[in-house]
Amino acid sequence: MPILKKRQIEILSQLNNQELEKYVAALPIKPDELEELFFYIRSRFKNQLCDHTSKLTMQYLIDNRLPFPKIISWLNENGGYCDCKILENIETEWNKAFGNS
Ligand SMILES: [Zn+2]
């Protein structure tokens, strides 16, 4: 039986606190910065639709001088291929694990 490899982000909500802490410590972005990124994308989406690039994310990362190659590749690995997918695949799982709405 083939095993579908789950994205790391999809098992977040099954981790215990200690495992979550470890996971967060290894991320290329701080949790509050990531949550701010979700908020930033969401607020831009009020005026425009996703053009299926990560340009809003890039803008945010550059404005905040964050290490974008590492962060973009982490986002891609977890299904965040463009700005709307970052909300759909990553924010959703993040909120499940960390209990934000
Ligand atoms: Zn998109």
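Let me start with the crossing of α2 and α5, where α2 passes α5 in a left-handed sense, and let me say at once that everything I describe comes from a predicted model. Helix α2 covers residues 31–44 and helix α5 covers residues 83–98, and their axes come within 10 Å of each other while crossing at roughly 135 degrees. That angle makes α2 oblique to α5. On the α2 side the contact is made by Phe38, Ile41 and Arg42, and on the α5 side by Asp83, Ile86, Leu87 and Glu91. If you sort the residues of this contact by class, you find four nonpolar and three charged, with no polar residue among them.

Staying with α2, I would like to turn to its other packing partner on my list, which is α3. The axes of α2 and α3 also come within 10 Å, and here they cross at roughly 130 degrees, so that α2 is oblique to α3 as well. The crossing of α2 and α3 is right-handed, whereas α2 passes α5 in a left-handed crossing. Which residues make the contact of α2 with α3? From α2 they are Leu37, Tyr40, Ile41 and Arg44, and from α3 they are Leu56, Thr57 and Tyr60. By class, this contact has five nonpolar residues, one polar and one charged. You may notice Ile41 in this list, and Ile41 is also named on the α2 side of the contact with α5.

Before leaving α2, a word about Pro31, which has its place in that helix. Is Pro31 buried or exposed, or something in between? With 13 other C-beta atoms within 10 Å, Pro31 comes out as partly exposed, since the exposed class ends at 12 or fewer neighbours and the buried class begins at 20 or more. For a sense of distance across the chain, the C-alpha atoms of Pro31 and Asn78 are separated by 15 Å, and these two residues lie 47 residues apart along the chain.

The next pair is α3 and α4, which pack at an angle of about 145 degrees with their axes 10 Å apart, and whose crossing is right-handed. Here Thr57, Met58, Leu61 and Ile62 in α3 meet Phe68, Ile71 and Leu75 in α4. The classes in this contact are six nonpolar and one polar, with no charged residues. Thr57 appears here on the α3 side, and Thr57 is likewise part of the contact that α3 makes with α2.

Let me now move to the loops, where two residues have backbone angles that you may want to look at in the structure. His52 is found in the loop between α2 and α3, and His52 has a positive phi of about 60 degrees although it is not a glycine. His52 counts as exposed, with 11 C-beta neighbours inside 10 Å. Arg65, in the loop between α3 and α4, also has a positive phi without being a glycine, in this case near 50 degrees. With 7 C-beta neighbours inside 10 Å, Arg65 counts as exposed.

For a contrasting environment, consider Leu12, which is found in the segment before α1, the helix of residues 17–26. Leu12 is buried, with 20 other C-beta atoms within 10 Å, and the buried class starts at 20 or more. What is Leu12 in contact with, once its neighbours within four places in sequence are left aside? The partners are Tyr23, Glu93, Trp94, Lys96 and Ala97. Leu12 and Glu36, by comparison, are 24 residues apart in sequence and 19 Å apart in space, taken C-alpha to C-alpha.

Finally, the chain as a whole. The secondary structure comes to five helices and zero strands, and read along the sequence it follows the pattern α-α-α-α-α. The radius of gyration is 14 Å, close to the 13 Å that the globule rule gives for 101 residues, so the protein chain is as compact as a globular protein of that length. Its C-alpha atoms fill a box of roughly 40 × 30 × 25 Å along the principal axes. Buried residues make up 19% of the 101 residues. Of the contacts with a separation of 6 or more, 62% are accounted for by residues 24 or more positions apart.

How values were computed
Residues are numbered from 1 along each chain as its sequence is written. This is a predicted model: local features need pLDDT of at least 70, side-chain atom pairs count only at pLDDT 80 or more; totals for chains, interfaces and linings use all residues. Helices (H or I, at least four residues) and strands (E, at least two) are DSSP runs, numbered from the N terminus. The radius of gyration is taken over C-alpha atoms; the globule rule is 2.2 Å times the number of residues to the power 0.38. Two residues are in contact if their C-beta atoms, placed from the backbone, lie within 7 Å. Axes are lines fitted to C-alpha atoms, for helices over the stretch in contact, and angles run from 0 to 180 degrees between N-to-C directions. Angles under 35 degrees count as roughly parallel, over 145 as roughly antiparallel, 65 to 115 as roughly perpendicular and the rest as oblique. A crossing is left-handed if the near helix is turned anticlockwise from the far one by less than a right angle, and right-handed if clockwise. Ala, Val, Leu, Ile, Met, Phe, Trp, Tyr, Cys and Pro count as nonpolar, Asp, Glu, Lys and Arg as charged, and the others, Gly among them, as polar.
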